[in-house]
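Trainee: Please take a close look at the salt bridges in this model. I would like one connected account, with the surroundings of other selected residues added where they help.

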Amino acid sequence: MADFHRGFDLLECVSCGLCLEVCPTYDILRDEGSGPRGRILLMGRLASAGSPGEWTHHLDECVGCLACEARCPAGVPYSGMLDHAHESLRARRPERGLAGRMERWALDEMLSDKNRLDRLFRNLRYMQRLGIFALAKMLRLHRLPGLDFLRGLRWMPRLNAPRKAPTARPKAAYYYFRGCVGPHLFAGEDQAARRLLDRLGGYREAKEETCCGAIHRHRGDLEGSRELAKRNIEAFAGEEEVVTTSAGCGAAMKEYGNWLADDPAWAERAREFSQRVRDLSEVMDAKILSTRPCSDPMLYSYEDACHAVHAQGISERPREILDGLATIQRVEMPHADRCCGAGGTWFLDQPELSETMIRSKVEELVASGAEMLVVANPGCRMQWERVLREAGVSAKVAHPAEIWAEHLD
Ligand code: SF4
Ligand code: SF4
């Protein structure tokens with residue numbers, strides 16, 4: 001039997017169906033196989049099936065938002081089960097041509113090597129400035145055989161070079177986990193986080209930092225994610241809290257203890273490391289922010305990144321700190337905690353479902369009257385910026401760190 005549910009008992013699910021109410025894909029597809037309860041049954045079928053059947057599309061369609069796990073009264077560990085299902089599916093599917101090779105290259109050669117990634121993004125910035133991406137989009141090159149991965153250019157934000165920020169200090173209160181692609185895609189977020197951490201007692205950097213492993217996990221490469229986890233545990237040795245601005249990275253690193261629980265040489269170190277991981281909002285002190293009065297506050301709406309609200313239980317704290325600022329005023333969307341359809345790299349695999357999910361959220365944002373959307377995860381931000389651009393909605397998108405840094409006293 002495949003080991004994808006090793007350590008889990010599929011019978012822990014008592015089939016109550018409470019998770020169906022919060023599942024975004026069930027809400028759209030209205031099919032038992034497209035909700036968490038059905039998927040758990042299919043994971044059992046996957047364990048005994050020799051080769052993946054037609055029904056495995058139900059597992060592929062899961063965005064991994066973890067709303068079901070957060071809602072489940074029986075404590076079914078859906079996240080870990082899904083990881084192992086992805087691993088099992090990946091092992092049974094042949095690599096898919098150029099796209100498959102591109103994926104392996106990105107996972108093995110790029111995400112896990114910060115220097116290569118820095119060079120890659122430097123080149124991408126030049127290419128963007130020369131208009132090469134715009135041309136590829138205009139010529140619709142993604143329609144050519146084997147080039148469908150170029151669809152991803154739709155999500156590419158304007159790339160900016162790293163911005164000047166306070167430098168790291170050797171003896172600082174925090175470690176800063178900058179993340180792999182985030183600082184390249186959103187240089188302003190990275191700079192804001194550094195400025196805030198500098199004011200909160202300073203930050204150290206880990207020279208050997210590498211990708212958190214979340215993307216490897218999404219793609220079913222659990223072994224690859226565990227190797228990256230070990231490298232980060234080594235890199236961030238010490239007692240300082242490890243702070244990140246990315247909900248996805250934070251959620252992943254808080255799971256290292258579980259990822260490496262079966263490895264006697266690493267289990268204790270991984271557990272200890274996970275306990276030191278913090279989202280920026282968890283260490284943020286509102287006292288460093290100016291409370292200058294404002295008679296005409298900008299309306300903003302807060303989007304809960306799934307890996308903040310469902311995986312880490314972070315939802316109120318960032319709102320409270322933002323609400324302390326007089327220059328902005330919050331208006332809530334009815335489903336602020338429903339997935340935007342980004343899901344790591346899921347939006348590339350399931351473009352239609354992803355589009356349906358984000359479109360309904362855009363309607364809620366427009367109806368709220370918000371002039372700005374605040375979200376603390378790079379994948380969600382790319383999804384929102386792309387859809388607002390294409391829909392001609394003028395609301396801007398920001399990370400809470402950028403708003404806080406603008407208000408440094
Ligand atoms: S992770 Fe999200 S999409 Fe997947 S089954 Fe759970 S609620 Fe549905
Ligand atoms: S809420 Fe939990 S126990 Fe109930 S059907 Fe969903 S996974 Fe099973």
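Mentor: The side chains of E32 and R37 form a salt bridge, with an N to O distance of 2.7 Å. This is a predicted model, and that applies to every value below. E32 counts as partly exposed because its relative accessibility is 33%, which lies between the 20% and 50% cut-offs. R37 belongs to the stretch 36-48, which is helix 2.

Helix 2 also takes part in the shell around ligand 1: helix 1 (24-29) and helix 2 each supply at least two of its residues. The residues around ligand 1 are C23, P24, T25, P36, R39, C62, V63, G64, C65, L66, C68 and Y78. Sorted by class, this shell holds 9 nonpolar, 2 polar and 1 charged residues.

Back to the salt bridges, of which the count for the model is 32. Another one joins the side chains of K254 and E282 at 3.0 Å, N to O. This pair connects distant parts of the chain, with the two positions 28 residues apart in sequence numbering: K254 sits in the loop between helix 13 (247-253) and helix 14 (256-259), and E282 sits in helix 16 (residues 280-283). K254 has a relative accessibility of 24% and therefore counts as partly exposed. E282 is partly exposed too, at 35%.

The side chains of D304 and R319 meet in a further salt bridge, 2.9 Å from N to O. D304 lies in the loop between strand 5 (298-302) and helix 17 (306-312), while R319 lies in helix 18 (residues 316-323); the two are 15 residues apart, and the pair links distant parts of the chain. Here the partners are covered: D304 is buried because its relative accessible area is 5%, and R319 counts as buried at 4% relative accessibility. The cut-off for buried is under 20%.

Salt bridges also occur as a network, which links R154, E355, R359, R386 and E390.

Next come two buried residues and their contacts. L196 is part of helix 10 (residues 187-199). Its relative accessibility is 0%, so L196 counts as buried. Leaving out residues up to four places away in sequence, L196 touches L280, M284, I288, L289, A401, W404, A405 and L408. One of these, L280, falls in helix 16 (residues 280-283), the helix that holds E282 of the K254 pair. In contrast to these contacts, S51 is 51 Å from L196, C-alpha to C-alpha, with a sequence separation of 145 residues.

H407 is located in the segment after helix 22 (400-406). H407 is buried because its relative accessible area is 4%. Apart from neighbours within four places in sequence, H407 is in contact with I288, L289, S290, R292, L325 and T327. I288 and L289 appear in this list and also among the residues touched by L196.

The surface offers a nonpolar feature as well. M127, L130 and I132 make a nonpolar surface patch of about 280 Å². Within this patch, M127 is found in helix 7 (residues 114-129). M127 counts as partly exposed because its relative accessibility is 30%.

Key: Residues numbered from 1 in each chain as written. Chains lettered and ligands numbered in written order. Predicted model: local features only at pLDDT ≥ 70, side-chain atom pairs only at ≥ 80, totals over all residues. Heavy atoms only, no water. Near = heavy atom within 4 Å. Helix = DSSP H or I, 4+ residues; strand = E, 2+ residues; numbered from the N terminus. Nonpolar A, V, L, I, M, F, W, Y, C, P; charged D, E, K, R; others polar. Patch = residues over 30% accessible without salt bridge, like charges linked within 9 Å, V, L, I, M, F, W, Y side chains within 5 Å. Areas by Shrake-Rupley, 256 points an atom, 1.4 Å probe, with all protein chains shown as cover. Salt bridge = Lys/Arg side-chain N within 4 Å of Asp/Glu carboxyl O. Buried < 20%, exposed > 50% of the residue type's maximum accessible area, 1.4 Å probe, protein only. Contact = heavy atoms within 4.5 Å.
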